[in-house]
Amino acid sequence: MSQGRIIIISGPSGVGKGTVLRQVMAHNPLLQFSVSATTRPIRPGEIDGVHYHFVDKSRFEEMLKNNELLEHAVYADNYYGTPEKAVDDALIKGISVVLEIDVQGALQIMERRPDAISIFIAPPSLTELRRRLKGRGDTAEQIMQERLRVAPHECEIAQKYQYTVVNNDLQQAVAEVEAILTAEACRSQYRKLQYKEEN
Ligand code: ADP
Ligand code: 5GP
């Protein structure tokens with residue numbers, strides 16, 4: 001059995017990462033979502049342990065001290081990090097794990113796990129990004145402004161990712177992410193062919 005792969009998905013807040021991923025994962029039950037730890041407040045509709053592990057700052061710092069995190073970052077004044085054990089438990093079983101993380105965390109994973117697949121989801125324009133973020137309506141104005149402020153810098157880092165998918169038409173973006181995952185699964189180095197002589 002082949003090992004699973006780490007799949008990094010990044011992109012500015014509001015670009016549609018969650019929307020694209022929900023569809024890709026619904027079509028592919030063998031993918032597992034990595035549940036990050038964060039110190040940011042829970043949003044309406046989010047479930048602790050499903051969308052994030054919502055923890056306080058001292059618990060997050062304890063996780064850091066105990067080396068429990070594969071990567072971590074401070075984003076818009078809150079800590080975010082990927083618990084390492086859950087990722088490795090899945091990979092060893094042949095299950096691929098999706099990490100929806102910011103660019104700082106993605107660069108750490110590219111360094112530590114060079115066989116990770118990295119996909120940047122880009123907006124068609126900053127105007128459309130602002131419209132989507134506003135339309136989601138779950139983020140306070142000041143936080144939204146901070147997220148929009150960092151978006152151009154995040155998009156510059158797209159060059160470091162193996163793939164960039166522009167989320168203009170949703171169905172096309174979903175199809176492109178699926179095409180990338182299909183092509184990656186066909187890479188010869190991940191195909192363990194074992195033939196027995198037939199009598
Ligand atoms: P993210 O996870 O990147 O923060 P979301 O998935 O929450 O973003 O999407 C932000 C908003 O944009 C949501 O209201 C979503 O329905 C909308 N959205 C996502 N993709 C598209 C698209 N291709 N076209 C128009 N609206 C979109
Ligand atoms: P949000 O607060 O909108 O859920 O996420 C804000 C940003 O943090 C997004 O870019 C999201 O991808 C990123 N993020 C979520 N979990 C993690 C994580 O575990 N590590 C890092 N580095 N970023 C994360």
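**Close-up views of two ligand sites and two buried residues**

The shell around ligand 2 is made up of five nonpolar, five polar and seven charged residues. Please keep in mind, through every panel below, that this is a predicted model.

**View 1. The residues gathered around ligand 2.** Ligand 2 has 17 residues around it, and those that come nearest are S36, R40, Y52, Y80 and D102. As for the space it occupies, ligand 2 sits in the largest pocket. Two elements, β5 (69-75) and β6, each give two or more residues to this shell.

**View 2. Polar atoms facing ligand 2.** Start at R40, where an N or O atom of the side chain is 2.6 Å from an oxygen atom of ligand 2. At G81 the backbone takes part instead, with a polar atom 3.1 Å from an oxygen atom of the ligand. T82 offers a polar side-chain atom, which lies 3.4 Å from an oxygen atom of ligand 2. On its own, ligand 2 would expose 510 Å², and the protein buries 96% of that.

**View 3. The residues gathered around ligand 1.** Here we turn to ligand 1, which is surrounded by 13 residues, the closest being G14, K17, T19, R136 and N167. Three residues of this shell are nonpolar, seven are polar and three are charged. Helices are worth tracing in this panel: α1 (17-27) and α5 (126-136) each supply at least two shell residues, and α1 gives the most, with three. The space taken by ligand 1 is the largest pocket.

**View 4. Polar atoms facing ligand 1.** The side chain of T19 places an N or O atom 2.5 Å from an oxygen atom of ligand 1. From G16, a backbone N or O atom lies 3.0 Å from an oxygen atom of the ligand. At L170, a backbone N or O atom lies 3.4 Å from a nitrogen atom of ligand 1. Taken alone, ligand 1 exposes 570 Å², of which the protein buries 74%.

**View 5. N78 and its partner T39.** Look for N78 in strand β6, which spans residues 78-83. N78 counts as buried because its relative accessibility is 19%, and the cut-off for buried is under 20%. Its side chain joins that of T39 through a polar contact of 3.3 Å.

**View 6. A106 in helix α4.** A106 belongs to α4, the helix of residues 103-112. With a relative accessibility of 0%, A106 counts as buried. For a sense of distance, compare A106 with V15: they are 91 residues apart in sequence and 17 Å apart in space, C-alpha to C-alpha.

How values were computed
Residues are numbered from 1 along each chain as its sequence is written. Chains are lettered from A and ligands numbered from 1 in the order in which they are written. This is a predicted model: local features need pLDDT of at least 70, side-chain atom pairs count only at pLDDT 80 or more; totals for chains, interfaces and linings use all residues. Side-chain values use heavy atoms; hydrogens and water are left out. A residue is near a molecule or strand if one of its heavy atoms lies within 4 Å of it. A polar contact is a pair of N or O atoms within 3.5 Å; within protein, one must be able to donate a hydrogen and the other to accept it, and residues adjacent in sequence count only if both atoms are side-chain atoms. Accessible areas come from the Shrake-Rupley method with a 1.4 Å probe; for residues, only the protein chains shown count as cover. On a 1 Å grid over the protein atoms alone, a cavity is a set of points where a 1.4 Å probe fits but cannot get out, and a pocket is an open set with protein on both sides within 12 Å along at least five of seven lines; lining residues have an atom within 4 Å of a point. A molecule sits in a cavity or pocket if more than half of its atoms lie within 2 Å of its grid points. Helices (H or I, at least four residues) and strands (E, at least two) are DSSP runs, numbered from the N terminus. Ala, Val, Leu, Ile, Met, Phe, Trp, Tyr, Cys and Pro count as nonpolar, Asp, Glu, Lys and Arg as charged, and the others, Gly among them, as polar. Buried means under 20% relative accessible area, exposed over 50%, partly exposed in between (1.4 Å probe, protein chains only).
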